[in-house]
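Please open the model in your viewer, with side chains available for display, and follow the stops below in order. Each stop names a selection and then says what is to be found there.

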Amino acid sequence: MTTILDVGVVIAGAGARGAYEAGLLAHLLPEVAARTRAEGAVARFSFVGTSAGSLNAALVAGRAPRVTGVTPPEEVHRLWTAAMSQVTAVWCSITEHQVIGPRPSGRLLGALTRAVPLVHVPFVSVLNVDPLVELAHDPAVVDWAAIQERVADGTVGAVGVATTARDGRTVVFLDRHDTSRTLDRDEHRDIDYVDVPGGLSPEHVLASSAIPAAFPAVRVSEPPEWTGWYHDGGVRLNTPLKPALTLGLDHLLVVGTHPDGYDRTTRPDPKAPAPEVDESVIPVVNQLMADQLVQDLQTLRSRNALPGSTPVRHLFAGPADLGALAELSQTSATGLGATRVLRHLLTDPARWELSSYLLFDPGYLAAAVGAGQRRAAEVLAAGPSVPWQT
């Protein structure tokens, strides 16, 4: 009888940095799957993502190859490599026009409302995401039926996307192969787990990616009892490590776009001028994107070290240097259209961190994919087995 190794793949929210995560996964998944098969087991992946991570979860789950206990390791590697080349091709083909479109500014709409007091013009977001909606519904990008089929036949263990409900709680929508175990509400972390009997759909991933104010909230209608408006899951749970643990997975592959620790070797510059508004936003962005990841991993490692505990083996893959992707956004972007304006506005190196989340530029996205692949190769370079940590 074939041994199944259930591996949870946790994919953090990252904006345009999602291309880097796709690059990480493009190298990690073929290697982990093939190395596991060489040791006599079959790796079955479950994907849990937030924001851009939810898009990556859907992109990969719908293309996951069907592997059995008689599939040779070399064939496993080939199948996963072919699948992931399609995922990275999607990222490399994305342009700014496929993510956002023009929308009247809040100032204009506000002025109209004041000029005509009896007319109320709802202002739901700064950006128009109609192109992103079309992208999510394109079966050539995300094959939703294929995701449901793979979860149903057990090729994929589960797919989950984290969202933030209107009342502020985290809601993780799930499509699970095995629904025999009830996932209770997590009162401590304020997380609800919701199975979607008909499978996930574009509305769930779009909700997980709906950055508050910038993107409009998304109305989720399935399952009916959870119908409502939802925003980006990264507001409270940018790295959904806790949901992966709740699924009962004892091996975790965590991918992100920040290091898994803090570099505090430098001191503040006493001669630096006061930070401007956009510079002041950067620590907030980093806090949302990175702090929870670092703290959750530290908690997991501390728990694993407790006497009598059952260790959750895990592997983290992310950049070694906090500023690597920030610099890449400036050196590789082609500078077409709105990205040229954005790069001009964010020319100061202190602002590059912000641009690395926002530049949906083909040159930058392709470079980020390549950087992710190279970093994943470094993470796995220790030996022939997967270097799981405890």
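What follows is a tour of a predicted model, going from strands to a charged network, then to a helix, and ending with some backbone details.

**Stop 1: strand 4 and its partners**

Begin by selecting residues 170–176, which make up strand 4, where seven of the seven residues are buried. With the side chains shown, T170, V172, L174 and R176 point one way from the strand, while V171, F173 and D175 point the other way. In a regular strand the side chains alternate between the two faces of the sheet.

Next add residues 158–165, which form strand 3; this strand runs antiparallel to strand 4 and is joined to it by seven bridges. To find the register, select G160, whose bridge partner in strand 4 is L174. Strand 3 and strand 4 form a hairpin with four residues between the strands, and in that hairpin G168 takes a positive phi near 100°.

Now add residues 191–195, which are strand 5, paired with strand 4 in the parallel sense over five bridges. Keep L174 selected, since its bridge partner in strand 5 is D195.

**Stop 2: D192 and the charged network**

Stay in strand 5 and select D192, which has its place there. Is D192 buried or exposed? D192 has a relative accessible area of 6%, and it counts as buried because that value is under the 20% cut-off. Two arginines can then be shown beside it: the side chain of D192 makes a polar contact of 2.9 Å with the side chain of R169, and another polar contact, also given as 2.9 Å, with the side chain of R185. If neighbours within four places in sequence are left aside, the residues in contact with D192 are R169, T170, V171, V172, R185 and W226.

From R169, move to D167, since the side chains of these two residues meet in a salt bridge with an N to O distance of 2.8 Å. D167 is exposed at 53% relative accessibility, whereas R169 is partly exposed with a relative accessible area of 25%.

For a salt bridge elsewhere in the chain, select D260 and R301, whose closest N and O atoms are 3.1 Å apart. D260 lies in the loop between strand 8 (251–255) and helix 9 (277–304) and R301 lies in helix 9, so the pair ties together parts that are 41 residues apart in sequence. Both partners are partly exposed, D260 at 28% relative accessibility and R301 with a relative accessible area of 23%.

Returning to the earlier charged group, select D167, R169, R185, E187, D190 and D192 together, as salt bridges that share partners join these residues into one network. Within that selection, D190 lies in the loop between strand 4 and strand 5, is partly exposed with a relative accessible area of 23%, and has a phi near 60°, a positive value in a residue other than glycine.

**Stop 3: a salt bridge within helix 3**

The structure holds 14 salt bridges, and one of them joins R78 to E75, with the closest N and O atoms 2.7 Å apart. Both residues lie in helix 3, three residues apart, which is about one turn of the helix. R78 is partly exposed at 47% relative accessibility, and E75 is likewise partly exposed, at 28%.

**Stop 4: helix 13**

Select residues 362–379 to see helix 13, which has 18 residues and reaches 26 Å from its first C-alpha to its last, close to the 26 Å expected. At the start of this helix, a side-chain oxygen of D361 comes to within 2.9 Å of the backbone nitrogen of G363. The buried residues of helix 13 include Y364, L365, V369 and V379, along with several alanines and glycines such as A367 and G370. To see what surrounds them, display helix 1 (18–38), helix 3 (73–93), strand 9 (313–317), helix 10 (324–331) and helix 12 (352–358), against which the buried residues of helix 13 pack.

**Stop 5: two backbone details**

Select E222 and P223, where the peptide bond from the one to the other is cis, with omega near -5°. P223 sits in the loop between strand 6 (218–220) and strand 7 (228–232).

Finally, select S51, in the loop between strand 2 (41–50) and helix 2 (52–61). The phi of S51 is near 55°, a positive value in a residue other than glycine, and S51 is buried, with a relative accessible area of 8%.

How values were computed:
Residues are numbered from 1 along each chain as its sequence is written. This is a predicted model: local features need pLDDT of at least 70, side-chain atom pairs count only at pLDDT 80 or more; totals for chains, interfaces and linings use all residues. Side-chain values use heavy atoms; hydrogens and water are left out. Buried means under 20% relative accessible area, exposed over 50%, partly exposed in between (1.4 Å probe, protein chains only). Helices (H or I, at least four residues) and strands (E, at least two) are DSSP runs, numbered from the N terminus. Two strands pair if DSSP finds at least two bridges between them. The expected span of a helix is 1.5 Å times one less than its number of residues. Contact means heavy atoms within 4.5 Å. A polar contact is a pair of N or O atoms within 3.5 Å; within protein, one must be able to donate a hydrogen and the other to accept it, and residues adjacent in sequence count only if both atoms are side-chain atoms. A salt bridge is a side-chain nitrogen of Lys or Arg within 4 Å of a carboxyl oxygen of Asp or Glu.
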